[in-house]
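This is a short briefing for a reader new to the structure. Look at the sequence and the model first, then take the points below by topic.

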Amino acid sequence: MGHDARHDHPGSRRFDDKAATWDDDPDKIRQSGEVAAAIAEAVPLAPRTKLLEYGAGTGLVTIALLESLTEPTITLADNSSGMRQVLADKVADGVLPSPTRVWDLDLEAHPVPSERFDLVVTSNVMHHVHDLDRVLAAFAEVLEDGGHLCIADLDREDGSFHDGDFDGHHGFSREDLATRLGAAGLTEVRVGDAGTVLKQGRDYPVFLAVARKA
């Protein structure tokens, strides 16, 4: 899934610098666990689930999901080379089961993979995505019939969550995202709570949107 490094998104370079120390923040571990618990409650996690986590970072949500998954086939995609290195190290160290695959994938820029998955998960990634509808359509395309998409992200916020150079979304309206998921061809859309993110002493609520490919 490689691509020309000259086209790296500037945001991915920002995450390269943070990758090595990402897991040092206990709140990231806590928040990923809350998202994983919400996913496990919301969708049936069948044995040998084929899982894609998009924008996986250091894989914290998938690692938290491992308690609920039996013999999963795991693919972790991130467009940050620093994050991919951390993921590769975790596979090598046995923190992630072998053979977990690590992909360089940016669905705003790359072709949609031909592979199909039972479950696509993404956490606190979509607020960085500019072309939401393109990426949602790509998620729908890579799902097996009957497969589930789980999107965890910030509720609409006042812009205080990110630094001044942020050019993404200040969270999402749950209703708007649900409408977009329907427009992407997904059904049984439902949105619930998935904990909070703590940043600079303030809690920001997180939702989990779940949809199924008919």
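Start with Cys150, which is found in strand β5. The model is a predicted one. In it, Cys150 is buried, with a relative accessible area of 0%. From there the briefing moves out to the whole fold, then back to single residues.

**Cys150 and its surroundings**

- Which residues does Cys150 touch, not counting those up to four places away in sequence? Ile39 and Val43 are two of them. A run from Leu119 through Val120 and Val121 to Thr122 also touches Cys150. Leu208, Ala209 and Val210 complete the list.
- The residues Leu119 to Thr122 fall within strand β4 (117-123). Leu208, Ala209 and Val210 fall within strand β7 (residues 202-212).
- His162 is 12 residues from Cys150 along the chain. Their C-alpha atoms are separated by 23 Å.

**The overall fold**

- The protein has 6 helices and 7 strands.
- Along the sequence, they follow the pattern α-α-β-α-β-α-β-β-α-β-α-β-β.
- The radius of gyration is 16 Å, and the globule rule gives 17 Å for 214 residues. The two values are close, so the protein is as compact as a globular protein of that length.
- Taken along the principal axes, the C-alpha atoms fill a box of roughly 40 × 40 × 35 Å.
- Contacts often join distant parts of the sequence. Among contacts with a separation of 6 or more, 69% are between residues 24 or more positions apart.

**Burial, surface and charge**

- Of the 214 residues, 46% count as buried.
- The protein exposes about 9900 Å². Carbon and sulfur atoms supply 50% of that area.
- There are 21 positive and 38 negative charges. The mean positions of the two sets are 3 Å apart.

**Aromatic pairs**

- How many aromatic pairs does the structure hold? There are 3. Two of them are described here.
- Tyr54 and Phe139 form an edge-to-face pair. Their rings are 5.4 Å apart, centre to centre, with 75° between the planes.
- Tyr54 lies in strand β1 (residues 50-54) and Phe139 in helix α5 (residues 132-142), so this pair ties together parts that are 85 residues apart in sequence. Both residues are buried.
- Phe161 and Tyr204 form another edge-to-face pair. The centres are 4.9 Å apart, and the planes meet at 85°.
- This second pair also links distant parts of the chain. Phe161 is in the loop between β5 (143-154) and α6 (174-183), while Tyr204 is in strand β7, 43 residues apart. Both Phe161 and Tyr204 are buried.

**Backbone points to check**

- Most residues other than glycine have a negative phi, and most peptide bonds are trans. Three places in this model are worth a look on that account.
- A cis peptide bond joins Ser98 and Pro99, with omega about 5°. Pro99 lies in the loop between α4 (81-92) and β3 (101-103).
- Asn124 has a positive phi, near 55°. Its place is in the loop between β4 (117-123) and α5. Is Asn124 buried or exposed? Asn124 counts as buried because its relative accessibility is 18%, under the 20% cut-off.
- Glu188 is not a glycine, yet its phi is positive, at about 50°. Glu188 sits in strand β6 (residues 187-199). With a relative accessible area of 46%, Glu188 is partly exposed.

**Two residues in helices**

- Ala64 is found in helix α3 (residues 60-65). Its relative accessible area is 25%, so Ala64 is partly exposed.
- Leaving aside neighbours within four places in sequence, Ala64 is in contact with Ser32, Gly33 and Ala36.
- Glu34 is 30 residues from Ala64 in sequence. The two are 8.8 Å apart in space, C-alpha to C-alpha.
- Asp176 is in helix α6. Asp176 is partly exposed, with a relative accessible area of 33%.
- Asp176 and Pro205 are 29 residues apart in sequence. From C-alpha to C-alpha, they are 17 Å apart in space.

Key: Residues numbered from 1 in each chain as written. Predicted model: local features only at pLDDT ≥ 70, side-chain atom pairs only at ≥ 80, totals over all residues. Heavy atoms only, no water. Helix = DSSP H or I, 4+ residues; strand = E, 2+ residues; numbered from the N terminus. Rg over C-alpha atoms; globule rule 2.2 N^0.38 Å. Buried < 20%, exposed > 50% of the residue type's maximum accessible area, 1.4 Å probe, protein only. Contact = heavy atoms within 4.5 Å. Areas by Shrake-Rupley, 256 points an atom, 1.4 Å probe, with all protein chains shown as cover. Lys, Arg positive; Asp, Glu negative; His and termini not counted. Charge placed at Lys NZ, Arg CZ, Asp CG, Glu CD. Phe/Tyr/Trp six-rings, centres within 6.5 Å; stacked < 30°, edge-to-face > 60°.
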